[in-house]
Amino acid sequence: MHGGADGQLGPVLASLLEASHRAGPRDVPGLLWRAARRLGLTHVWIYLADVQQEQLVALPAPEAGREVLPGAPHGQGVLDIDRSLAGRAYRTEKLQLGSGADGTAAGPGERTGEEEGAEVGWLPLIDGIGRIGVLRVAAPVLDGPALARCRALASVAAVMIATKAPFSDVLVQTMRSRPMTLQAELLWAFVPPRTIGTRAVTSSAVLEPAYDVGGDAFDHNLSGHSLHLTLVDAMGHDLASGGCSAVALAACRSTRRAGGTLPDIAEAIDTSLARWIPDRMLTCVVGDLDTGTGRLQWINCGHPAPLLVRDRHIVDGALDRHPHPPLGLPPGLHRPRPPVHTAQLEPGDQILIHSDGVLEPSRGGGELFGEDRLAATVSRAMADGLPAPEALRRLMQAILAHQGARLRDDATIMLVEWHPGR
């Protein structure tokens, strides 16, 4: 069976991709299930990470009256990312078996009645280098050849989800536990995927409060050997704040794609705000990293200084520069072009860019979270061998815990790691 299934891998995946082009979101489980059966698997199912990366939620089964798929999750099909074997696959971006070498067995909801006697595995679903969920697979035996087929199927499944999510409410609703405010809906429509990267660099960002974000936003983009970075923080916490950040990102992208420089971007944002959203200011950090040489260039318009983390410690003052005034100042004030700052990174260096809401004190007026704690939290996670997106997820969890799970202001963090030759 294994030899035959291996020989079918190419045709099965080609057929799956061809069928996916005209398939709706609710057709995805059936397409995957039929492909999995042809590859010698018993069951397969997709779980997507929610917006706050706290839970893994099973993709909805086909609607009533359509095909019934054996192995569909029972109940709500929700698993905790921090307390499940499926979550471990998501956190570590590594395969986890139902009964791993460490003796960990599948928890409640992680094994269906139809899978008794089968081996169960969880594989991370990765779009590019950004994780979007996990794939549950089951087969009589999950040996090397079977797992190779599972990994190939997981890759195709990730592509299918990533291409359909932007225009599918079914997938979007699966990844949400409650409705978003109007300004949050606006901002999430503008921001890119949380994680992008290449062999030389990784950029990952988190944005909270996810369902009620007001004025923070981020952007990152890869072009040739350049990684572009933007983090903006608009004044206020309402729809106008969200519109301010959305206009800023649009001005940034329009100018960048037309070949504009970093000062050109700041000027475009300033002009756009003055024309379309007057009396609203924002702070920002906009930069470019040469992924071949490690040369970082950036401008800072009224924003907290980025942090350079090297060998698990902040390099004091490494990226501190006199900040340019915020953008969107009242008419009539002098508007000089912001200076471009430059720094040379070393392999393994990490850059932390954050909004001021990250360093708010604990509830009740306690101590600030602090820059040292930022670096220490990220460094511990990276030292444990966890990928940058997981280090950032843990950092945001620590910030939320410090502030009593209720942020007073938007908190956005971007973590960039330069790792040439990895």
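**Helix H6, a five-stranded sheet and Thr291**

Okay, let's start on the outside of helix H6: the face turned away from its buried side carries two exposed residues, Leu182 and Ala189. Keep in mind that this is a predicted model.

Now flip H6 over. The helix covers residues 182-190, and its buried residues are Gln183, Ala184, Leu187 and Trp188. Looking down the axis of H6, you'll find those buried residues within an arc of 130 degrees, so they line one face of the helix. The general background: an α-helix has 3.6 residues a turn, so residues three or four places apart point the same way.

What do the buried residues of H6 pack against? Strand E8 (201-208), strand E9 (216-223) and helix H7 (239-257).

E9 takes us to the sheet. That's an open one with five strands, ordered E9-E10-E11-E12-E15, and the pairing is antiparallel. E9 and strand E15 (341-344) are the edge strands, each pairing on one side only. From one strand to the next, the twist averages 15 degrees.

Inside the sheet, strand E10 (residues 226-234) pairs with E11 in the antiparallel sense, over nine bridges. Leu229 stands opposite Gly287 in E11. And H7 shows up again here: that helix lies across E9, E10 and E11, running at about 155 degrees to E10.

Last stop, Thr291. This residue is in the loop between strand E11 (282-290) and strand E12 (295-301). So, buried or exposed? Thr291 counts as buried, because its relative accessibility is 7% and the cut-off for buried is under 20%. Leaving out residues up to four places away in sequence, Thr291 touches Ala200, Val201, His225, Ser226, Leu227 and Trp418.

How values were computed. Residues are numbered from 1 along each chain as its sequence is written. This is a predicted model: local features need pLDDT of at least 70, side-chain atom pairs count only at pLDDT 80 or more; totals for chains, interfaces and linings use all residues. Side-chain values use heavy atoms; hydrogens and water are left out. Buried means under 20% relative accessible area, exposed over 50%, partly exposed in between (1.4 Å probe, protein chains only). Helices (H or I, at least four residues) and strands (E, at least two) are DSSP runs, numbered from the N terminus. The arc is that of the directions from the helix axis to the C-beta atoms. Contact means heavy atoms within 4.5 Å. Two strands pair if DSSP finds at least two bridges between them. Axes are lines fitted to C-alpha atoms, for helices over the stretch in contact, and angles run from 0 to 180 degrees between N-to-C directions.
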